[in-house]
Amino acid sequence: MASLRTLNALEARVLAVLVEKQATVPDSYPLSLNSLTLGCNQKSARDPVMNASEPEVLAAIEELKSMHLVNEVSGSRVVRFEHNGARGLGVPGAGLAVLTALMLRGPQTTAELRLNTERLHRFADLSSVEGFLDELAERSPPLAVKLPRAPGAREARWAHLLCGEAALPQPGQAAAPADGSRDEELIFLRAEQQRLSQELEQLKALVQRISAELGIA
């Protein structure tokens, strides 16, 4: 981490997309420049939405390579890139998952982070997320900060500090509707139920296909 400096917004997005796609599309990872650019510019699960060009993404990659946060992978006809986030930032995988969600989606509550890191790292409960957030906040220099509760909000949000100081909620700023911890936990459980239901349907389809190939009724 000796060569680490404050990242700009696109550098943070590039790093976070590489971490995300390693977990969500492992068959396509490491990523080509084109795939990485598409990931940076996708409109879902991104805040803010960006419109970066491939030359801009490539320039960000070069800066991240100089900080040992991204590596170029050889041996392919198409140049591909992989992250070195955990080692480069000196954080465990769970901490990297939290930082990735914050870099991709902006400040979030603990419950939102647990939900949005589900495919990167499965936290047992909200206290587990809080524990890693506290570790990131207590580092020197800190990598995350708990923001003052926004006007009208019931839960405080966390932000990463990889791009410098986080913007604080402004007086009179409209706060996004905030559920209580119990409501957010319910949202997480519903998402988990949906994920398990999808996996069950996939397993059923697989069993049916294998049974058909084997001639088993």
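The following exercises, with worked solutions, concern a predicted model of a protein chain.

**Exercise 1.** Determine how many helices and strands the protein chain has, and in which order the elements run.

*Solution.* The chain has eight helices and five strands. Read from the N terminus, their order is α-β-α-α-β-β-α-α-α-α-β-β-α.

**Exercise 2.** Identify the residues with the most contacts inside the largest nonpolar core, and state which helices supply at least two residues each.

*Solution.* The largest nonpolar core comprises 43 residues, and Val14 and Leu36 have the most contacts inside it. At least two residues of this core come from each of α1 (9-24), α2 (33-41), α3 (54-66), α5 (93-105) and α7 (126-138). Turning to Val14, and setting aside residues up to four places away in sequence, its contacts are Leu36, Cys40, Val57, Ala60, Ile61 and Leu64.

**Exercise 3.** Explain which parts of the chain the salt bridge between Glu63 and Arg5 ties together.

*Solution.* The closest N and O atoms of Glu63 and Arg5 are 3.0 Å apart, which satisfies the limit of within 4 Å for a salt bridge. Glu63 belongs to helix α3 and Arg5 to the segment before α1, so the pair links parts 58 residues apart in sequence. Glu63 is partly exposed, at 35% relative accessibility, and Arg5 is also partly exposed, at 35%.

**Exercise 4.** Decide whether Glu20 and Lys21, which form a salt bridge, are buried or exposed.

*Solution.* Buried means under 20% relative accessible area. Glu20 has 12% relative accessibility and therefore counts as buried. Lys21, at 15%, counts as buried.

Terms used: Residues are numbered from 1 along each chain as its sequence is written. This is a predicted model: local features need pLDDT of at least 70, side-chain atom pairs count only at pLDDT 80 or more; totals for chains, interfaces and linings use all residues. Side-chain values use heavy atoms; hydrogens and water are left out. Helices (H or I, at least four residues) and strands (E, at least two) are DSSP runs, numbered from the N terminus. A nonpolar core is a set of buried Ala, Val, Leu, Ile, Met, Phe, Trp, Tyr and Cys residues joined through side-chain atoms within 4.5 Å. Buried means under 20% relative accessible area, exposed over 50%, partly exposed in between (1.4 Å probe, protein chains only). Contact means heavy atoms within 4.5 Å. A salt bridge is a side-chain nitrogen of Lys or Arg within 4 Å of a carboxyl oxygen of Asp or Glu.
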